[in-house]
Amino acid sequence: MKWQYSGGGQKSEGELQRLVETVIQADDFDKSHFTDYSVKRELKALDEHNTPVGIFSVKDGWKSGSVKIRLPKEDTMYASESHAPEFEVHGIWYRSLISIIKSADEDTTQKHFHNIPFKLFRRASSDTELEDLPSGDSDSERVWADLYTSDALLEEQEKIDALPRNPEDDETVEYVIAPIMGYSDSTHLTSFGTAYLWPFYTWIGALSKYMRAKPSNFAAHHTAYIPKLPQLIQDFYHKTYGTAATLNIMRFCRSELMQKVWDLLLDTEFMHAFKHGILVTCADGIRRRLFPRFLTYSADYPERVALTCIRFLGRCPCPTCLVEKKNIALMGSKRNSAGSRKSRVDDESTQGLIARARSWIFERGYRLTSKMVERILKPLSLLPTRFMGSQACRGSCSQGDVQ
Ligand SMILES: [Zn+2]
């Protein structure tokens, strides 16, 4: 008690009780551990400890990764892009998407999951039997409520149902989608200053929105923290090329960084599961082969632009279609109905344009905004950055049937 009432006045009754019960009376408490003890030294060791603790715990699947960005410079030519100097960005914290899906499906909350998508209807009159309700019946009305009642998920499920079954699975194994809903929003942590976070979260769309949206259910999974381009890149660029990186080069690097972080997330494990599914014994005791699919992604315009590698408010400013800026005012009119708009697709011809632009930048030393590069990229508001989603897809196809 003398210790309690001497020194600082911040020690509460509860904390004293905790000290006695969890430390002094602990079975493994040994006085000799404190020989030569220094608080300062221990705190320093904690600071320098490499194993992530707290929110970035290895136990929760957090990994620390790094990515490399190739640095171009005008009038500097390389035999190929892979010969250009690269800058490494360290300390990217992320979690494996597969471990998130597995842990969500093994958790007791899984019992509330709707693994099989369905169409939901409401009846206007209570006399109608549910079985008698054809869609389009005037007495029935389709209800759009959750991801698992959407056409998008129903269509994806049809594709999975059409896949040949894995010969190793017995017939009781259900083939279902693990619908992922992504969300990211960069935030400034202070009103003044530069403290900043760019977290990326995922939700499992098989859970009702009423449960997903309840903060006390902890249904959001922290998935990654996208870092800012470190200031060191300028020093590195200066050391390599003897000049500072231009604004356009920095913009290019920022765009590359975002895609490289996605490359970390869409790793071989994820792409293998995307193609072949992962076998999980879910919390309800049923074995399922889960196929991860991104069904939604929520972000503001600047992030959607960064994610889809297009120009901010360019000639075709929409991340999903090729509507021209001058025609945006026609939106909703007959002339510009959804059917007449061309979707933005990361197809081979788009990838070809980007590959050509990159070869000119790295192999011929063209400026990022040179006439030649602009001529092929500007019409579709593209950037000379490869969209990593398609990279990963191609990677999985070339892997073949690795089991
Ligand atoms: Zn659009």
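This briefing covers a sheet, a helix packed on it, a cavity and one strand residue.

The model is predicted. Its seven-stranded open sheet has mixed pairing. One cavity reaches the 30 Å³ cut-off. Ser66, in strand β1, is partly exposed.

**Sheet order and edges**

- Seven strands make up the open sheet, and they run in the order β1-β2-β9-β8-β5-β11-β10.
- The pairing along this order is mixed.
- β1 (62-70) and β10 (278-281) are the edge strands.
- Each of these two has a single partner strand, so one side of each lacks a neighbour in the sheet.
- On average, neighbouring strands of the sheet are turned by 30° against each other, with direction ignored.

**The β5–β11 pair and helix α4**

- Strand β5 spans residues 174-184, and strand β11 spans residues 287-298.
- The two strands pair in the parallel sense, over ten bridges.
- Within this pair, Gly182 stands opposite Tyr297 in β11.
- Helix α4 (residues 151-161) packs on the sheet and touches both β5 and β11.
- The direction of α4 makes about 140° with that of β5.

**The cavity**

- The count is one cavity of 30 Å³ or more.
- The volume of the largest cavity is about 30 Å³.
- Its lining consists of Leu97, Ile100, Ile101, Ile180, Thr202 and Ile204.
- α3 (97-106) and β8 (199-204) each supply at least two residues of that lining.
- The top contributor is α3, with three residues.
- Five lining residues are nonpolar, one is polar and none is charged.

**Ser66 in edge strand β1**

- Ser66 lies in strand β1, one of the two strands at the sheet edges.
- The relative accessibility of Ser66 is 29%, so this residue counts as partly exposed. The class lies between buried, under 20%, and exposed, over 50%.
- Beyond its neighbours within four places in sequence, Ser66 is in contact with Glu88, Val89, His90, Ile92 and Leu264.
- Val89 is 23 residues from Ser66 in sequence. In space, the C-alpha atoms of Ser66 and Val89 are 5.4 Å apart.

How values were computed: Residues are numbered from 1 along each chain as its sequence is written. This is a predicted model: local features need pLDDT of at least 70, side-chain atom pairs count only at pLDDT 80 or more; totals for chains, interfaces and linings use all residues. Side-chain values use heavy atoms; hydrogens and water are left out. Two strands pair if DSSP finds at least two bridges between them. Helices (H or I, at least four residues) and strands (E, at least two) are DSSP runs, numbered from the N terminus. Axes are lines fitted to C-alpha atoms, for helices over the stretch in contact, and angles run from 0 to 180 degrees between N-to-C directions. Contact means heavy atoms within 4.5 Å. On a 1 Å grid over the protein atoms alone, a cavity is a set of points where a 1.4 Å probe fits but cannot get out, and a pocket is an open set with protein on both sides within 12 Å along at least five of seven lines; lining residues have an atom within 4 Å of a point. Grid points are joined across faces, edges and corners, and a volume is the space filled by probe spheres set on the points. Ala, Val, Leu, Ile, Met, Phe, Trp, Tyr, Cys and Pro count as nonpolar, Asp, Glu, Lys and Arg as charged, and the others, Gly among them, as polar. Buried means under 20% relative accessible area, exposed over 50%, partly exposed in between (1.4 Å probe, protein chains only).
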